[in-house]
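Got the model open in your viewer? Grab a selection tool and follow along, one stop at a time.

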Amino acid sequence: MRLSQLPLTTFKEVPAEAEIVSHQLMLRAGLVRRLASGLFTWLPLGLRVLRRVERIVREEMDRAGAFEVSMPVVQPAELWRETGRWDVYGDLLLRIRDRHDRSFCFAPTAEEVVTDLARRELRSYRQLPVTFYQVQTKFRDEIRPRFGIMRAREFVMKDAYSFHLDQASLAETYATMAMTYHRIFTRLGLRFRAVDADGGEIGGSRSQEFHVLADSGEDRIAWCEGDDFAANVELAPALPPTGTRAAPAASLARVATPGARSISEVASLLGVPASTCVKTLVVETDDGGLCALVVRGDHEVNPLKAARVPGIAQPLKLASAERVASELGLPVGFIGPGGLDIRVVADHAAVALVDFICGANESDMHLSGVNWGRDLPEPEAADLRDVVSGDPSPGGGGSLTVARGIEVGHIFQLGNKYSRSMNACVLDQEGREQPMVMGCYGIGITRIVAAAIEQNHDDAGIIWPEPMSPADVTLLVLNPKKVPEVTAAAERLYEELQQAGWSVLFDDRDARPGVKFADADLIGIPHRLVFGERGLRNGKLEYRHRATGEELELELGEVVAALGSRMLPAEV
């Protein structure tokens with residue numbers, strides 16, 4: 001690809017509309033352009049990245065024995081009504097009507113359509129198991145599209161669906177897909193973790209998310225290198241502290257804390273770490289009553305865990321300040337677990353504290369030197385909090401690490417949720433009708449591109465993992481009009497590199513060297529060759545590796561061999 005023929009526009013300045021690095025760099029490097037809110041046009045360089053991702057995904061899905069299909073993007077409402085999701089999916093579902101006033105939606109996912117396909121095509125257990133997949137445009141009507149490609153309304157997704165006679169068969173395919181996803185993200189050159197996760201709107205029993213590790217990630221994940229435990233923070237168990245609780249050493253005292261309502265304010269005022277305090281939250285119960293939840297001051301209540309405590313309302317709902325004041329007579333910000341006429345449930349880490357600080361249940365006052373069993377009744381204990389780095393792993397292999405991740409893949413064991421509601425059945429070995437058991441496996445193709453940039457960039461621009469880069473090599477020719485011999489030699493090298501099987505971005509523009517170097521760093525192709533008049537005289541050219549910064553002078557006759565030794569193999 002010759003840059004002199006490509007209408008490429010790059011920008012030095014960060015576009016005002018771009019909030020995160022991937023959005024900024026994709027606009028600056030000329031990969032995409034915004035059409036409307038959450039809608040983007042993919043330009044040639046960006047599309048080459050997208051196609052490389054798609055190719056690897058297809059190769060691994062085919063290797064896993066899945067069959068590619070292409071299902072309609074526009075789906076009839078009748079199918080969604082069969083599963084009940086037409087009314088419950090919410091405003092993310094873009095509903096439309098045709099000229100005959102029939103209702104349709106623009107596909108956000110394809111469980112209903114693929115289940116309809118299966119019930120029409122599959123008749124016998126002998127046809128199972130089978131997995132269908134597609135790489136297709138999806139649309140979800142996000143209320144506030146943000147972060148460019150990361151949370152666009154229109155996106156490209158690989159979605160796959162497997163059909164089985166029983167749960168054991170599903171478990172086998174699920175394991176195969178988990179391995180397939182590991183191969184896909186490894187081949188793409190991404191640092192990632194697979195974590196246990198909640199099924200969310202798709203539903204089902206077991207599910208795993210695949211996260212690209214990046215500081216800008218919206219999700220927090222916890223893992224342990226020692227035992228391969230990994231889970232979304234919202235699901236990771238926080239184990240109770242081991243050993244017995246220490247004996248009290250301080251006396252109970254009242255401490256004035258004027259205006260200090262938050263843990264950080266109390267800890268700062270009293271000059272103590274937040275971990276020596278507890279915070280008490282009043283939440284609603286499933287019978288309309290109230291319950292107090294207590295966690296250590298440096299910990300956060302996990303809404304999913306708390307809602308699983310028997311008797312707590314699902315989803316978790318904080319009681320309003322007005323209700324707390326009217327029914328309990330307590331000032332929000334100074335509530336403690338003592339003397340409450342409601343149920344008290346404390347997190348294991350809070351139960352292990354001694355001589356702690358808590359609210360005194362009156363304005364501008366706290367208690368210090370508080371101890372369970374001496375000053376307060378022993379509370380009901382439960383796992384209520386998010387895990388933090390350093391917590392022991394549930395697998396017993398060491399400590400947890402907590403980091404941020406960007407979800408790029410999700411696999412589910414759906415069971416018969418969709419097949420039963422849509423009567424998608426096959427005949428089993430005894431000739432009886434059985435609803436098929438299903439699995440669902442999704443990868444965000446466009447989101448992978450943005451996530452890769454979030455993980456791989458510097459102040460100068462993108463640093464593409466080799467398998468995803470829009471080209472293998474970028475070749476810069478300096479002052480092409482000034483020295484025709486340099487241009488001729490660069491043209492020969494351009495042809496030689498392509499004949500060696502590499503994709504080359506040839507910067508043959510009549511532009512200043514500084515512009516070419518800046519664009520090369522911004523676009524982020526892994527290997528850069530620079531050819532100028534001095535190099536031609538010496539029979540050499542300059543090589544630079546984008547990620548490591550390695551710089552070398554290469555003999556012209558050794559370029560192909562030198563590049564080959566530095567490039568990753570085509571497949572991992």
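**Stop 1: a helix**

Select residues 44–63: this is helix α2, whose 20 residues reach 28 Å from the first C-alpha to the last, close to the 28 Å expected at 1.5 Å a residue (that expected span is 1.5 Å times one less than the number of residues). Helices (H or I, at least four residues) and strands (E, at least two) are DSSP runs numbered from the N terminus. Before going on, note that you're looking at a predicted model, where local features need pLDDT of at least 70 and side-chain atom pairs count only at pLDDT 80 or more, while totals for chains, interfaces and linings use all residues. Residues are numbered from 1 along each chain as its sequence is written, and side-chain values use heavy atoms, leaving out hydrogens and water.

Now show the side chains of α2: among the buried ones are Leu-45, Val-49, Arg-52, Glu-54 and Met-61. Buried means under 20% relative accessible area, exposed over 50% and partly exposed in between, with a 1.4 Å probe and protein chains only. Step just past α2 to Gly-65, which takes a positive phi of about 90°.

**Stop 2: an enclosed strand**

Jump to 207–213, strand β10. 7 of its 7 residues are buried, so β10 is largely enclosed by the rest of the structure. Ser-207, Glu-209, His-211 and Leu-213 cover one side, with Gln-208, Phe-210 and Val-212 on the other.

Add 192–196 to bring in β9, which pairs with β10 in the antiparallel sense over 5 bridges; two strands pair if DSSP finds at least two bridges between them. Here Asp-196 has Gln-208 as its bridge partner. Then add β20 (401–415), joined to β10 by 7 bridges and also antiparallel. Look for Glu-209 opposite His-410.

**Stop 3: an open sheet and its helix**

Next, pick out the five-strand open sheet, with mixed pairing and the order β27-β26-β28-β29-β30. β27 (504–507) and β30 (551–555) are the edge strands, each pairing on one side only. Inside the sheet order, β26 (473–477) and β28 (527–531) run parallel over 5 bridges, and Leu-475 partners Leu-529.

Which residues of α16 are buried? Select 559–566 and you'll find Val-559, Ala-562 and Leu-563. Seen down the axis of α16, these fall within an arc of 95° (taken from the directions from the helix axis to the C-beta atoms), so they line one face of the helix. They pack against β26, α13 (484–499), β28, β29 (540–545) and β30, with contact meaning heavy atoms within 4.5 Å. Turn α16 around for the exposed Ala-561 and Ser-565.
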